[in-house]
Amino acid sequence: MTVRLWANIVASDLLYTISSAYFDGHRRGLVKSPVFGVVIAVLPATIPIAFIGLHIFVGIIQAYIFTVLPSVYLGMATADEH
Amino acid sequence: MPIAEHVVMGVVALIIGTLLALLLRSRLSVEKPGAAQQVAELLLTNPLGFGIKDLLEENVHHGALKLIPFVGSISVFVLLSNLLSVIPVFAAPTADKSVPLACAILTFLYFNWQGVRHHGVGHYLLTFAGSPRQLGDWLLPFCFFLSNSSAPRRAFFP
């Protein structure tokens, strides 16, 4: 329970932190072509947003799993027939 | 010694959860439920069957309703903690391993306590051995050792 929740949140956090930093870093030197400039300007906005969306999804799924597992363990602990 | 970030964020998640619950309680209405009340009710029970109450009723066959406060608190705290890092300046307390570990240890202690309350100490320990009587009583120590060795692991791995 601990390792799954912790690892998922760390990975998800890192993904969008790194994506933000990576695309911001590239944008600074690559604005000479107008078309490429637009692409480079849009990417920094869309990719971290996609990863933030993924983080919200992962957060909800992990909270769901953290509800399912206690329910299953409680069911096993209080079951009459084994 | 400075206070660790995950401790502060954990307290922030706790305060947000408590404030939301208090705000919701003051606005509860049977005739005209507001949007927040409907979201909270969906969190508890919904047609897809993955609400906190639905999951408990599906898995626990005796007194599922009295377990809602603990399981609900843990799941709402984990949900708020996970989503906290989406807000700028905040960080997810669950990204530090001590917070999920604290939740898992609490869950581990709670389900064992409920098991002891339901069966009594001796019979609860015996349930870890599975059904050795169908196979033969000589298997009891072996089954008991195998099942008990796996029980504490559940706090760390699923």
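Chain A of this predicted model contains two helices and zero strands. Of its 82 residues, 37% count as buried. Among the contacts in chain A with a separation of 6 or more, 75% are accounted for by residues 24 or more positions apart.

Turning to chain B, a convenient starting point is the pairing of helix H1 (residues 5-26) with helix H4 (residues 68-83). The axes of these two helices of chain B come within 9 Å and cross at roughly 120°. That angle makes H1(B) oblique to H4(B), and the crossing of H1(B) past H4(B) is right-handed. On the H1(B) side, the contact is made by B:Gly10, B:Ala13, B:Leu14, B:Ile16 and B:Gly17, while H4(B) contributes B:Phe77, B:Leu80 and B:Ser81. Sorted by character, the residues of this contact comprise five nonpolar, three polar and no charged.

Two of the residues just named reappear in the surroundings of B:Pro93, as B:Gly10 and B:Ser81 are both in contact with this proline. B:Pro93 itself is found in the loop between H4 and H5 of chain B. With a relative accessibility of 0%, B:Pro93 counts as buried, the cut-off being under 20%. Leaving aside neighbours within four places in sequence, the other contacts of B:Pro93 are with B:His6, B:Met9, B:Leu84 and B:Val99. The pair formed with B:His6 joins distant parts of the sequence: B:Pro93 and B:His6 are 87 residues apart along the chain, yet their C-alpha atoms are 4.4 Å apart in space.

B:Val99, one of the contacts of B:Pro93, is also among the buried residues of H5(B). This helix covers residues 98-119 of chain B, and its length can be checked with simple arithmetic: at 1.5 Å a residue, its 22 residues should span 32 Å, and the end C-alpha atoms are 31 Å apart, which agrees. Other buried residues in H5(B) include B:Pro100, B:Cys103, B:Ala104, B:Thr107, B:Phe108, B:Tyr110 and B:Phe111. Further along H5(B), B:Asn112, B:Gln114, B:Gly115 and B:His119 are buried as well. After H5(B) comes B:Gly120, which has a positive phi, near 90°.

A buried polar residue is also found in helix H2 (residues 35-44) of chain B, where B:Gln37 lies. The relative accessible area of B:Gln37 is 8%, so this glutamine falls under the 20% cut-off and is buried. Not counting residues up to four places away in sequence, B:Gln37 touches B:Leu24, B:Arg27, B:Leu28 and B:Ser29.

Definitions and conventions: Residues are numbered from 1 along each chain as its sequence is written. Chains are lettered from A and ligands numbered from 1 in the order in which they are written. This is a predicted model: local features need pLDDT of at least 70, side-chain atom pairs count only at pLDDT 80 or more; totals for chains, interfaces and linings use all residues. Side-chain values use heavy atoms; hydrogens and water are left out. Axes are lines fitted to C-alpha atoms, for helices over the stretch in contact, and angles run from 0 to 180 degrees between N-to-C directions. Helices (H or I, at least four residues) and strands (E, at least two) are DSSP runs, numbered from the N terminus. Angles under 35 degrees count as roughly parallel, over 145 as roughly antiparallel, 65 to 115 as roughly perpendicular and the rest as oblique. A crossing is left-handed if the near helix is turned anticlockwise from the far one by less than a right angle, and right-handed if clockwise. Contact means heavy atoms within 4.5 Å. Buried means under 20% relative accessible area, exposed over 50%, partly exposed in between (1.4 Å probe, protein chains only). The expected span of a helix is 1.5 Å times one less than its number of residues.
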